[in-house]
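Visitor: Before we begin, could you show me the model, and then take me through its strands, helices and cores?

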Amino acid sequence: MPSATYLWAKAINYIEQKHSAAVITTWFDDVDVIEFENNTLVLFSPNDFRRPILEEQCRPMIRDAMASIGYPDVNIMILDEKQLEEYRNRGKINDANTISSEFTFDNFIVGPSNQFAHGAAVAVANNPANAYNPLLIYGESGLGKTHLLYAIANAIRQDHPEFNIVYVNSEDFTNELISAIQLGKNVEFRSKYRTADLLLIDDIQFIAGKESTQMEFFHTFNTLYEHRKQIVLTSDRPPEEMSKLEERLKTRLQWGLQADIQPPDYETRVAIIQNKSSAKGMKLPTEVITYVAENITSNVRQLEGTVNKIMAYTNMNDFEMNRTNVSRAIKDMFKGKESFLPTPQLVISEVSAYYNISESILRGKARDKTTAEARQVSMYLIRNLTSLSLEDIALEFGKDHSTVLHSINKIESALPGSKHLQTVIREITINVNGRL
């Protein structure tokens with residue numbers, strides 16, 4: 001299943017396209033997704049004024065958006081701060097026990113594009129800490145990296161029930177570290193990660209540029225490696241392309257094995273569609289399978305979403321399963337990646353994380369060199385990655401049209417001769433695209 005973050009980003013994109021950017025800014029800009037499990041979407045809203053409106057008026061929007069990406073009739077929980085703390089204390093988040101047992105090696109479709117990564121993952125599961133350590137699986141979003149991560153965990157859990165298995169997304173690792181520092185629970189935090197027999201970290205690229213997180217991961221890595229404990233990581237790129245990752249961490253990520261995953265070829269896509277539909281108790285006609293495989297080419301996650309949407313339509317009355325009807329039902333799934341545009345908030349969030357400054361400062365009036373560059377980069381990227389006009393971009397920052405135009409022109413003029421800016425634009429763009 002796709003991550004909760006991925007699904008929520010898709011849902012927000014759908015709501016913005018169907019309604020307006022103002023709806024997102026007014027009601028959803030401070031909403032965080034916590035989890036999606038057992039058909040329940042768990043959200044957190046810190047705003048006591050907005051929360052009742054989200055509950056009463058925006059809930060239908062969220063359900064409609066989730067249905068549009070293949071998850072109809074979703075239950076929605078919107079938590080306040082106290083409820084979120086209680087929810088976390090139940091051990092639901094970052095708990096290896098929440099790794100779904102459905103992700104196994106048996107139901108991972110192997111093809112030329114992922115054969116090497118699959119083989120490496122199997123080797124690690126069969127011989128943890130002795131085959132490849134660390135194992136880094138990298139590739140674009142939606143190609144099966146997390147599936148392999150979970151498959152390793154499930155295989156090792158079966159063969160070694162005594163193992164302490166710890167799974168976390170790198171962003172949650174950072175958030176846990178921040179919370180531990182604030183609450184004075186550094187010892188507990190380190191104990192959780194440094195006593196693992198198997199440590200699995202998703203999207204390790206997001207720790208790049210975060211000094212405290214990199215230092216904590218560095219020492220965690222060293223402790224586990226020295227004690228012959230298995231480390232498995234996923235990323236959207238190889239370590240040498242993470243320019244803001246410390247050199248000592250790049251070196252350690254290169255100690256073991258790097259295995260990349262590419263988009264699936266036609267035959268693999270056919271096999272994936274057959275596998276996903278069969279698992280849902282649905283038999284698709286050959287013409288439908290062929291049609292989907294020829295049109296959905298970018299990643300496995302989109303294939304699964306398409307199968308989910310077809311299944312949703314089969315539950316409707318008078319839906320004959322043929323190519324014509326299916327093409328109408330899932331036509332929105334055939335949009336190119338350029339049609340799934342990031343929100344300006346997403347761009348600003350990634351720029352803030354990259355430069356390690358708060359969004360309020362980025363949107364504000366500070367004029368120091370770093371903030372000014374980050375603000376100009378934000379405006380440039382929003383202009384190039386979204387469909388917003390100069391006027392709309394100006395509203396995002398509380399500036400006027402001419403200021404935005406000047407900022408964009410300044411970046412465009414400097415880019416050809418600045419390796420620094422080229423790296424900044426490339427890496428933030430990769431981070432943004434990885435969220436779509």
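Guide: Two strands pair if DSSP finds at least two bridges between them, and strands (E, at least two residues) and helices (H or I, at least four) are DSSP runs numbered from the N terminus. This is a predicted model, in which local features need pLDDT of at least 70 and side-chain atom pairs count only at pLDDT 80 or more, while totals for chains, interfaces and linings use all residues. Residues are numbered from 1 along each chain as its sequence is written, and side-chain values use heavy atoms, with hydrogens and water left out.

Visitor: Which residue stands opposite Val 232 in S7?
Guide: Strand S6 (residues 198–202) and S7 pair in the parallel sense over 4 bridges. S4 (residues 135–138) also runs parallel to S7, joined by 4 bridges, with Tyr 138 opposite Ser 235. On the S6 side, the residue opposite Val 232 is Leu 200.

Visitor: Why is strand S7 described as largely enclosed?
Guide: Buried means under 20% relative accessible area, against over 50% for exposed and partly exposed in between, using a 1.4 Å probe and protein chains only. On one side of S7 Gln 230, Val 232 and Thr 234 are buried, and on the other Ile 231, Leu 233 and Ser 235 are buried. S7 (residues 230–235) is therefore largely enclosed by the rest of the structure, since its buried residues number 6 of the 6.

Visitor: How many residues of H17 are buried?
Guide: Helix H17 covers residues 369–385 and reaches 24 Å from its first C-alpha to its last, close to the expected 24 Å, the expected span being 1.5 Å times one less than the number of residues. Its buried residues, including Thr 371, Glu 373 and Arg 375, pack against H15, H16, H18, H19 and H20. The helix is mostly covered, and of its 17 residues the number buried is 12.

Visitor: Which helix gives the largest share of the largest nonpolar core?
Guide: A nonpolar core is a set of buried Ala, Val, Leu, Ile, Met, Phe, Trp, Tyr and Cys residues joined through side-chain atoms within 4.5 Å. Of the 29 residues in the largest one, Val 351, Tyr 355, Val 377, Leu 381 and Ile 428 touch the most other members. H15, H17, H18, H19 and H20 each supply at least two residues of this core, and the largest share, 7 residues, comes from H17.

Methods
Contact = heavy atoms within 4.5 Å.
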